[in-house]
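Here are a few exercises to work through with the coordinates open. Try each one yourself before you read the solution.

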Amino acid sequence: MDAAQFLPSLPRPYDLTGVSYSAAGARLSYVCAMRGPCMVFDTACSSSLIAVHVARRCMQHNECLHALAVGPNAILHPGAHAKPALTGMTSARGRCHTFDSRADGYLRGEACCAVILTVSANTSIAALGTSAHGPSASLTAPNGSSQLRLLKTVQDTHARWLALEAHGTGTALGDPIEVL
């Protein structure tokens, strides 16, 4: 909600709906005349993956034939950089070394990607999994036993993997747990 910090003290009519997460999804659906489920996710680093996961589930349950999963990130306020740096979460060297022995934190970045999912006899996203890991070494580190359970569940659902997407924390603590 970086944009909310730039609102005037007396908001104009579209200021409040223009910066809320919930309105962003609804606005996109409205402008593109989309029908079906419309959801917005804020799970920090995994929001885009969760959006694809839920879109796939909606298609499996015949709630829609096509789905659009969009993952935007715009850093508008300096606090979005300063706060993680002050807590030691970002790389002091200014380089992200995910899944590397030099890992000392992550870097902030901006991007926007969109994926259109379509039900087709020729394509399949057969094995996706998500999980909240419960207690762990820290708020930002995965729980090793929970991660193993999740990977086993996904593997049991579909024995042949074409790709594995992993969330690397860029830290010596989190990366090894992520890819147990």
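**Exercise 1.** Find which residues make the nonpolar surface patch of about 400 Å², and work out why L68 is eligible for it.

*Solution.* Keep in mind that you're looking at a predicted model.
- Step 1: The patch is made by L28, M34, L68, V70 and I116.
- Step 2: Take L68, which sits in strand β1, spanning residues 66-73.
- Step 3: Its relative accessible area is 34%, so L68 is partly exposed.
- Step 4: Patch residues need over 30% relative accessible area, and L68, at 34%, clears that bar.

**Exercise 2.** Work out how many disulfides the structure holds, and check C58 as a candidate.

*Solution.*
- Step 1: Look for the cysteine sulfur closest to that of C58; it belongs to C64, 5.3 Å away.
- Step 2: A disulfide needs two cysteine sulfur atoms within 2.5 Å, so the C58 and C64 pair is too far apart for a bond.
- Step 3: The count for the structure is 0 disulfides.
- Step 4: While you're there, compare burial: C58 is buried at 7% relative accessible area, whereas C32 is partly exposed at 42%.

**Exercise 3.** Place N143 in the fold, decide whether it is buried or exposed, and list what it touches beyond its sequence neighbours.

*Solution.*
- Step 1: N143 belongs to the loop that links β2 (111-118) to α5 (144-157).
- Step 2: Its relative accessibility is 16%; the cut-off for buried is under 20%, so N143 counts as buried.
- Step 3: Skip neighbours within four places in sequence, and the contacts of N143 are H133, P135, S136 and I177.
- Step 4: Now check the polar side: a polar atom of the N143 side chain lies 3.1 Å from the backbone nitrogen of S146.

**Exercise 4.** Zoom out and describe the whole protein: which elements does it have, in what order, and what share of its residues is buried?

*Solution.*
- Step 1: Count the elements, and you get 6 helices and 2 strands.
- Step 2: Read from the N terminus, they go α-α-α-β-α-β-α-α.
- Step 3: For burial, 24% of the 180 residues count as buried.
- Step 4: For the surface, the accessible area is about 12300 Å², with 60% of it on carbon and sulfur atoms.
- Step 5: For contact range, take the contacts between residues at least 6 apart in sequence; 57% of these join residues at least 24 apart.

Conventions: Residues numbered from 1 in each chain as written. Predicted model: local features only at pLDDT ≥ 70, side-chain atom pairs only at ≥ 80, totals over all residues. Heavy atoms only, no water. Buried < 20%, exposed > 50% of the residue type's maximum accessible area, 1.4 Å probe, protein only. Patch = residues over 30% accessible without salt bridge, like charges linked within 9 Å, V, L, I, M, F, W, Y side chains within 5 Å. Areas by Shrake-Rupley, 256 points an atom, 1.4 Å probe, with all protein chains shown as cover. Salt bridge = Lys/Arg side-chain N within 4 Å of Asp/Glu carboxyl O. Helix = DSSP H or I, 4+ residues; strand = E, 2+ residues; numbered from the N terminus. Contact = heavy atoms within 4.5 Å. Polar contact = N/O pair within 3.5 Å; in protein donor to acceptor, adjacent residues only side chain to side chain.
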